[in-house]
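Hello,

Here is the structure we talked about handing over. Please open it alongside this note; my findings follow below.

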Amino acid sequence: VRYVQVSTDEVYGSIREGAFTEEHPLEPSSPYSASKAGADLMVLAAHITYGQDVVIARGSNCYGPRQFPEKLIPVMTLNAIHGGPLPVYGQGDQVRTWLHVDDFASGIHAALAHGASGQAYNVGGAKEKINLDVVRRIIALTGASEDQVKHVEDRLGHDFRYALDSSKLQALAGWEPRMDFDEGGLESTVHWYRDHAWWWKPLVATDEYRGYYRRVYGQDPAF
């Protein structure tokens with residue numbers, strides 16, 4: 001039985017230019033990313049010690065339908081739709097490479113079906129974007145105002161830039177992302193949240209979620 005570890009680009013830490021390959025050392029910056037790096041190492045140790053059949057898929061920033069409204073795109077979309085403040089960490093100049101959830105799923109499947117046991121595979125998006133530019137695009141798609149942008153204290157351990165080199169998986173299985181962030185990917189995601197309040201409203205109505213949101217952003221959500 002093959003085990004697939006779903007990991008993240010955050011295990012590598014931040015990179016100012018270029019892109020991480022699977023050979024880069026793990027240098028996580030936050031407790032979350034350290035826990036993911038530790039899990040990767042546990043999986044590789046199980047392969048070495050016990051011969052367990054394992055592969056690791058490390059994805060870049062995902063977006064798409066049904067993403068829990070704690071991440072950048074759903075939080076900004078729902079606040080924009082409801083006329084609330086758009087809480088942007090720091091100056092909003094952090095850089096992320098966006099990968100649609102369907103493309104990440106296909107990348108995970110490619111690693112499962114074709115990956116060599118004991119190996120990690122990067123599953124990276126094709127569109128590198130500055131966070132504030134993503135927020136401005138959401139504003140344009142929802143008819144919101146840039147006056148709604150509110151810069152809040154930057155997150156502790158917040159990496160500046162992530163970028164993944166996915167050539168290893170591309171050469172192995174012919175995988176590449178198919179959903180273009182600018183040509184329908186972000187727009188379809190914004191429309192999904194607009195049209196599926198029945199899905200997200202029960203999630204954000206809890207005291208736990210409201211308390212989390214206040215701790216992170218210092219304000220209440222507009223939705």
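**Helix packing**

Helix 4 (residues 131–142) packs with helix 6 (residues 181–195) at an angle of about 65°, and their axes are 10 Å apart. Before you read further, please note that this is a predicted model. The crossing of helix 4 and helix 6 is right-handed. On the helix 4 side, the residues in contact are V134, R137, I138, L141 and T142. They meet F181, L186, E187 and V190 in helix 6. Sorted by class, this contact has six nonpolar residues, one polar and two charged.

**The parallel sheet**

One open sheet has three strands in the order 1-2-6, with parallel pairing. Strand 1 and strand 6 (119–123) are the edge strands, and each pairs on one side only. From one strand to the next, the twist averages 25°.

Strand 1 (residues 3–8) runs parallel to strand 2 (residues 54–59), and six bridges join them. How does the chain get from strand 1 to strand 2? It crosses through helix 1 (residues 31–50), in a right-handed β-α-β crossover. Two bridge partners will help you find the register. Y3 is partnered by V54 in strand 2. S7 has R58 as its bridge partner in strand 2.

Two helices to look at here are helix 1 and helix 3. Helix 1 packs on this sheet and touches strand 1 and strand 2. Its direction makes about 155° with that of strand 1. Helix 3 (residues 101–114) also packs on the sheet, touching strand 1, strand 2 and strand 6. The direction of helix 3 makes about 155° with that of strand 2.

**The mixed sheet**

Another open sheet of three strands has the order 3-5-7. Its pairing is mixed. Strand 3 (61–63) and strand 7 stand at the edges with a single partner strand each, so one side of each has no neighbour in the sheet. Neighbouring strands are turned by 45° against each other on average, direction ignored.

Strand 5 (residues 95–100) pairs with strand 7 in the antiparallel sense, over four bridges. To locate this pairing, start at T97: its bridge partner in strand 7 is E128. Helix 3 packs on this sheet too, touching strand 3 and strand 5. Here the direction of helix 3 makes about 75° with that of strand 5. So please keep helix 3 in view for both sheets: it touches strand 1, strand 2 and strand 6 in one, and strand 3 and strand 5 in the other.

**Salt bridges**

How many salt bridges does a search of the whole structure find? The count is ten. One to inspect joins the side chains of D180 and K127, at 3.9 Å from N to O. D180 lies in the loop between helix 5 (167–173) and helix 6, while K127 is in strand 7 (residues 127–130), so the pair ties together parts that are 53 residues apart in sequence.

**A backbone detail**

Most residues other than glycine have a negative phi. R66 has a positive one, near 65°. Where is R66 found? It is in the loop between strand 3 and helix 2 (72–81).

Best wishes

Definitions and conventions. Residues are numbered from 1 along each chain as its sequence is written. This is a predicted model: local features need pLDDT of at least 70, side-chain atom pairs count only at pLDDT 80 or more; totals for chains, interfaces and linings use all residues. Side-chain values use heavy atoms; hydrogens and water are left out. Two strands pair if DSSP finds at least two bridges between them. A crossover is right-handed if, with the strands pointing away from the viewer, the path from the first strand over the helix to the second runs clockwise. Axes are lines fitted to C-alpha atoms, for helices over the stretch in contact, and angles run from 0 to 180 degrees between N-to-C directions. A crossing is left-handed if the near helix is turned anticlockwise from the far one by less than a right angle, and right-handed if clockwise. Contact means heavy atoms within 4.5 Å. Ala, Val, Leu, Ile, Met, Phe, Trp, Tyr, Cys and Pro count as nonpolar, Asp, Glu, Lys and Arg as charged, and the others, Gly among them, as polar. A salt bridge is a side-chain nitrogen of Lys or Arg within 4 Å of a carboxyl oxygen of Asp or Glu.
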